[in-house]
Amino acid sequence: MSKKHLKWLIIFGVLCAVCVAAATAYSLNFNEGRLVYPMDFGSYQFQVKDIPMILALIITVLYVFYLAAAIIVHGMVVKREGRRTGRTRKISPKLGYLGFFGFAGFAGIGTYLSQGLIFPFVFFVFFGFFGFFYEGKMSNILADERFLKNRREAELKALRVGYRLTFLLVILVGMAGNRVSADIAAVLLISGISLICGLVTFLNEYLLYRYDQMDSINWEDEGN
């Protein structure tokens, strides 16, 4: 992903946030807070004044899907190139700033309370993109046997942490099943699993960087 492409992704993300903020302000001031405050969607009737908020939400959703697709495609291309050259993929640590999109998951609290929507909690998975800060530091280095061994160990440990947290989450939600509604249970599961996926993704890169640095220090000590 070129710096120019990354720059435009960030710009479009900021524009989406501005659009949502502007549409919300418009609805609160000129449309009685429709689509912002809690309302009965079973009896919802479209009004022309609803268009700004509807367009803002559509643009944001399209941007999120485009962002996810761009990252997946870029990852596949770079991974294939890395296999050909025997080196790690070349990326910028600045991609780690995409992890801040994870905070959009907290918007799910407002959307659930006002509209019953739980989809925004999925954004918690973006916290895993903070791992790009560490992957970028190991960008375009030789993936020798020592590096591949560290990668396997990092992935295994991250998966173990994810498995244990998922097991604990299922147990806790199951125990609370008789005390909370199905909607609350769904919120807990979606937000919890999204957070766990983000954590596993982050740990993969953090642990790999940590193991690689520890090996480098050991090699330097042995050389001295």
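Is Leu199 buried, partly exposed or exposed? Select Leu199 and look: this residue is partly exposed, with a relative accessible area of 31%. Here buried means under 20% relative accessible area, exposed means over 50%, and partly exposed is in between (1.4 Å probe, protein chains only).

Before you go on, note that you are looking at a predicted model, in which local features need pLDDT of at least 70 and side-chain atom pairs count only at pLDDT 80 or more, while totals for chains, interfaces and linings use all residues. Residues are numbered from 1 along each chain as its sequence is written, and side-chain values use heavy atoms, with hydrogens and water left out.

**Stop 1: the whole chain**

Show the chain as a cartoon. You will find 6 helices and 0 strands, and reading along the sequence gives the pattern α-α-α-α-α-α. Helices (H or I, at least four residues) and strands (E, at least two) are DSSP runs, numbered from the N terminus. Of the 224 residues in the chain, 32% are buried.

Now switch on the surface. The chain exposes about 14300 Å², and carbon and sulfur atoms supply 67% of that area. Accessible areas come from the Shrake-Rupley method with a 1.4 Å probe; for residues, only the protein chains shown count as cover. As for contacts (heavy atoms within 4.5 Å), take those in the chain with a separation of 6 or more: residues 24 or more positions apart account for 73% of them.

**Stop 2: the start of helix 2**

Select Ile51, which is found in helix 2 (residues 51-85). Ile51 counts as partly exposed, at 34% relative accessibility. Add Ser27 to your selection: Ile51 and Ser27 are 24 residues apart in sequence, and their C-alpha atoms are 9.8 Å apart in space.

**Stop 3: a nonpolar patch**

Return to Leu199, which lies in helix 6. Add Tyr163, Leu165, Phe167, Leu168, Ile171, Leu172 and Met175, and you have a nonpolar patch on the surface, with about 790 Å² of accessible area together. Which helix gives the largest share of the nonpolar patch? That is helix 5, with 7 residues. Patches are made of residues with over 30% relative accessible area and no salt bridge; like charges are joined within 9 Å, and nonpolar side chains (Val, Leu, Ile, Met, Phe, Trp, Tyr) within 5 Å.

**Stop 4: Ser194 and its neighbours**

Stay in helix 6 and select Ser194. Ser194 counts as buried, at 9% relative accessibility. Which residues does Ser194 touch, not counting residues up to four places away in sequence? They are Phe121, Val122, Phe124 and Val125. Next, show the backbone of Ile190: its oxygen lies 2.8 Å from a polar atom of the Ser194 side chain. Finally, pick Gly128, which is 66 residues from Ser194 in sequence and 9.5 Å away in space, C-alpha to C-alpha.

**Stop 5: salt bridges**

Side chains of opposite charge can pair when their charged atoms come close. A salt bridge is a side-chain nitrogen of Lys or Arg within 4 Å of a carboxyl oxygen of Asp or Glu. By this rule, how many salt bridges are there? The count comes to 2.

For one of them, select Glu145 and Arg152, whose closest N and O atoms are 3.5 Å apart. Glu145 is exposed, with a relative accessible area of 56%, whereas Arg152 is partly exposed at 48%.

Then select Asp212 and Arg146, whose side chains meet in a salt bridge (3.4 Å, N to O). This pair links distant parts of the chain, with Asp212 in helix 6 (residues 182-223) and Arg146 in helix 5 (residues 145-175), 66 residues apart. Asp212 is buried, with a relative accessible area of 8%, while Arg146 is partly exposed at 28%.

**Stop 6: cysteines**

A disulfide is a pair of cysteine sulfur atoms within 2.5 Å, and by this rule the count is 0. Select Cys19, which is in no disulfide; the nearest cysteine sulfur, that of Cys16, is 6.3 Å away. Cys19 counts as partly exposed, at 34% relative accessibility. For your last selection, try Cys197, which is also partly exposed, at 37% relative accessibility.

Technical notes. A polar contact is a pair of N or O atoms within 3.5 Å; within protein, one must be able to donate a hydrogen and the other to accept it, and residues adjacent in sequence count only if both atoms are side-chain atoms.
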